[in-house]
Amino acid sequence: MRRLLPHTLRARLTCGLVVLLALSCAAVGIAAVITLRSFLTERLDQQLTQAGGTFPASLEHRGPGEPDADNDHVDTRRQVPGTFGARLLRGEVTAAGVVRSGADTSVTLTAADKAAIAAVPVDGHSHKLELSALDDYRVKAVAGDDGDVLVTGLPLSGVEGAVTRLIAVEGAVFGGALLVAGAAGAFWVRWSLRPLRRVAATAASVTALPLASGEVALPDRVPDTDPRTEVGQVGIALNRMLGHVESALGKRHSSEERLRRFAADASHELRTPVASIRGHAELARLHPDPVPSGVSRALERIAAESARMGGMVDDLLLLARLDAGRPLAREPVDLTRLVLDAVDDARAAGPGHRWVLDLPEAPITMTGDPLRLQQITGNLLANARVHTPPGTRVTVRLRQDGAVVRLVVGDDGPGIPKDILPTVFERFARADHTRPGPGKHGAGLGLAIVTAVATAHGGTAEVRSRPGGTVFTVTLPRAT
């Protein structure tokens, strides 16, 4: 049933208006028909009362059993055409006739007609009688002077004709009124709902905005703010909500800017001391004098951790620069060569893995930042190497599909847990929280850099994973 209802508010209001108007017209029409029928029937009853039994009484002068033999004694004066008369004696019809325009008043009654006439009660009231030869009649029976019963009837054809004409007129008038009211109602509803459409358009424009991050400029407020109307109340509420949303987004953007500047400044300031620590540690390890083994081990750890810290600082600084919209280099890049070099490095770093290359015969080139594109490839291969056990098959595929290039890195490792998969590209998604594997020392910035660099090139980074297989796909436009 609900599927048959109109879906839009405008259609529902219009249909509701037309249905209510149709019900009103039907009620008025039915009341008019009943009133007219009752009025005309009462007029017939009054005429029957005035006519009395004059016409049927005049039929008694006919010979019994010869109703058509002689019309000279039938009194049709002051009788309207169609008047029916019948005389009954001891419950049997002895004479019957109908007033016509001519002198002939004869009528042929069936046994059923005679039985129906004989059943008319002599109670001073009029009754409806249906005769097979004459159609419907309004009849009234009175007692005659000779112990007989005189039945006088008037045809109901005039009443039914008037009622039929009224129904036809009502149908035409009400039908036209419904059409006009439906068209006018549809226009009126459409005009009345214009403010609501503006509210909907404003809300729809807000939903199309990228609210997840960055500075957001909300659209103009809804102009319909009359609190006396329902739409105005909705407009006021929407404008108030947009104000709160804009304020919250502004505060969030300011907070993000402060955090981004802090990350950039901190990363920039940390690069130099971290490099100094690493340099001094390397210098101390190269000292020609004997160094206790414990000190040598400590220097090795200082050098390794300072190198790791330097990499983290570089990653944070790169993300901060990408977030700030720093422009990337734009120059031709041979992606095929870049992938070959990255896989060679991965083989050297992870000899226990099976590295498989799937490259097209012709080199694939694109316009972009070669260092950042190399970082994408290196991070994806490092992620596959660190978070999968030795013996894992890692396939690197490079394809050109029209105006885009797809770099696909897949492995048959244990896969990424479902609860971690949606956040795998987020920053500081720690390695030990993403995929099990031998290496759990990452800072959780490698995949974040992949998606940030891909986005800066106008591309995307996606991941699909299930137990027994993970596939990272980076899609980049050839010309950026």
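**Exercise 1.** In which helix does Leu 196 lie, and which nonpolar surface patch does Leu 196 help to make?

*Solution.* This is a predicted model, and the first step is to place the residue: Leu 196 belongs to helix α5, which covers residues 194–207. The next step is its exposure, and with a relative accessible area of 32% Leu 196 is partly exposed, so that it passes the requirement of over 30% for patch residues. Together with Leu 9 and Leu 13, Leu 196 makes a nonpolar surface patch of about 230 Å².

**Exercise 2.** Find the residues that gather with Arg 10 in a patch of positive charge on the surface, and place Arg 10 in its helix.

*Solution.* Arg 10 is found in helix α1, made of residues 9–51, and its relative accessible area of 35% makes Arg 10 partly exposed. On the surface, Arg 190, Arg 194 and Arg 197 join Arg 10 in the patch of positive charge.

**Exercise 3.** Work out how the rings of Phe 84 and Tyr 137 are arranged, and decide whether these residues are buried or exposed.

*Solution.* The count of aromatic pairs comes to 3. In one of them, the ring centres of Phe 84 and Tyr 137 are 5.9 Å apart and the planes stand at 65 degrees; because angles over 60 count as edge-to-face, the pair is assigned to that class. Phe 84 is in strand β1 (residues 84–89) and Tyr 137 in strand β4 (residues 135–143), so the pair links distant parts of the chain, 53 residues apart. Since buried means under 20% relative accessible area, Phe 84 is buried at 0%, and Tyr 137 is buried at 3%.

Conventions: Residues numbered from 1 in each chain as written. Predicted model: local features only at pLDDT ≥ 70, side-chain atom pairs only at ≥ 80, totals over all residues. Heavy atoms only, no water. Patch = residues over 30% accessible without salt bridge, like charges linked within 9 Å, V, L, I, M, F, W, Y side chains within 5 Å. Areas by Shrake-Rupley, 256 points an atom, 1.4 Å probe, with all protein chains shown as cover. Salt bridge = Lys/Arg side-chain N within 4 Å of Asp/Glu carboxyl O. Helix = DSSP H or I, 4+ residues; strand = E, 2+ residues; numbered from the N terminus. Buried < 20%, exposed > 50% of the residue type's maximum accessible area, 1.4 Å probe, protein only. Lys, Arg positive; Asp, Glu negative; His and termini not counted. Charge placed at Lys NZ, Arg CZ, Asp CG, Glu CD. Phe/Tyr/Trp six-rings, centres within 6.5 Å; stacked < 30°, edge-to-face > 60°.
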